[in-house]
Amino acid sequence: MGENELKRVIQISVTATCILAILGILISKADPLSFATIRWISGALTWITFFWAFFFRWGWKLRLLKQIFPKPNINGTWVGTLTSDWKDAKGNTVGPLDFVGVVRQSFLHIHATTFTASFVARTYAESLILDSDRGIKEFVYLYAQDNTAPGEENNREGAAELRIVESDATTLTGRYWSNAKTNGRVEVERVSLKHAEDFQSAMAMRRGS
């Protein structure tokens, strides 16, 4: 949770607690200095705690509650293409590859696993960059490839910066860079809210969507 989000949670909690406690005192006509007032404040804090527990687990995904924190929900399986400028020793390039991204997201955490037919990569540093004033809504991450092609000694690492486009067909599109001095473009569309376990199951989701 970012600093601004934490401040907003505190502000909402304090305001809501005061409103609920005051309403309870007025309705019950309790003496503001009595033990009943303490019970109303304690009850208000309990309800606020339950609300945030619900919100952080499920509520942040609901359209009505997204007004509190307008964080995009990019959970699910994404399928599309990866286009790279990689060339082999003879200067030959490869065409667009089928590319899969599986995003597991909660309000507080986000993680992604990506697949092609020949490699698996996992993110190890992730961030949602949201700036409504500048129209920025991006998923940015660093990744490490699980395995490389035969004969390669080191796993590849890199970064990606994907723009989130929320519409009838929510998409992620942007560029990636790697320590193998290659870069390219990623364009994927969400095919399921479920999380595919591997490349084949993700492609099956696309065929069934």
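**Overall form, internal spaces and two residues of the predicted chain**

The chain has a radius of gyration of 23 Å, whereas a compact globule of 209 residues would come near 17 Å. This is a predicted model, and its overall dimensions make a convenient place to start. Along the principal axes, the C-alpha atoms occupy a box of roughly 85 × 35 × 30 Å. The accessible surface amounts to about 13100 Å², and carbon and sulfur atoms contribute 58% of that area. Of the 209 residues, 36% are buried.

The secondary structure consists of 3 helices and 8 strands. Followed along the sequence, these elements give the pattern α-α-β-β-β-β-β-β-β-β-α. Among contacts with a separation of 6 or more, 45% join residues that lie 24 or more positions apart.

Attention can now turn to the empty space in the model. Rolling a probe the size of a water molecule over the atoms reveals where such space remains. The largest pocket holds about 670 Å³. Its lining is made up of 24 residues, and Glu5, Phe69, Lys71, Leu128 and Leu130 are the closest to the pocket centre. Helix H1 (3–28), strand E4 (120–131) and strand E5 (136–145) are the elements that each supply two or more residues to this lining. Strand E4 makes the greatest contribution, with 5 residues. In terms of chemical class, the pocket lining is mixed, with 10 nonpolar, 7 polar and 7 charged residues.

An enclosed space is present as well: the count of cavities of 30 Å³ or more is 1. The largest cavity has a volume of about 80 Å³. Thirteen residues line this cavity, with Gly101, Thr114, Tyr141, Leu162 and Leu172 the closest to its centre. Two or more lining residues come from each of strand E2 (97–105), strand E3 (110–115), E5 and strand E8 (183–192). Strand E2 provides the largest share, 4 residues. The cavity lining comprises 11 nonpolar and 2 polar residues, with no charged residues; the lining of the largest pocket, by comparison, includes 7 charged residues.

Two individual residues round out the picture, beginning with leucine 65. This residue sits in the loop that runs between helix H2 (35–57) and strand E1 (76–84). Leucine 65 counts as buried because its relative accessibility is 17%, and the cut-off for that class is under 20%. Beyond its neighbours within four places in sequence, leucine 65 makes contact with Phe51, Phe54, Phe55 and Gly59. For one of these partners, phenylalanine 55, the C-alpha atom lies 8.0 Å from that of leucine 65, with the two residues 10 positions apart along the chain.

Glutamate 157 belongs to strand E6 (residues 157–165). With a relative accessibility of 37%, glutamate 157 is classed as partly exposed, a class that spans the range between the buried limit of 20% and the exposed limit of 50%. Once neighbours within four places in sequence are set aside, the contacts of glutamate 157 are with Tyr124, Tyr143, Ala144, Trp177, Ser178 and Asn179. Glutamate 157 and phenylalanine 69 are separated by 88 residues in sequence and by 32 Å in space, C-alpha to C-alpha. Phenylalanine 69 is itself among the residues closest to the centre of the largest pocket.

Terms used
Residues are numbered from 1 along each chain as its sequence is written. This is a predicted model: local features need pLDDT of at least 70, side-chain atom pairs count only at pLDDT 80 or more; totals for chains, interfaces and linings use all residues. Side-chain values use heavy atoms; hydrogens and water are left out. On a 1 Å grid over the protein atoms alone, a cavity is a set of points where a 1.4 Å probe fits but cannot get out, and a pocket is an open set with protein on both sides within 12 Å along at least five of seven lines; lining residues have an atom within 4 Å of a point. Grid points are joined across faces, edges and corners, and a volume is the space filled by probe spheres set on the points. Ala, Val, Leu, Ile, Met, Phe, Trp, Tyr, Cys and Pro count as nonpolar, Asp, Glu, Lys and Arg as charged, and the others, Gly among them, as polar. Buried means under 20% relative accessible area, exposed over 50%, partly exposed in between (1.4 Å probe, protein chains only). Contact means heavy atoms within 4.5 Å. The radius of gyration is taken over C-alpha atoms; the globule rule is 2.2 Å times the number of residues to the power 0.38. Accessible areas come from the Shrake-Rupley method with a 1.4 Å probe; for residues, only the protein chains shown count as cover.
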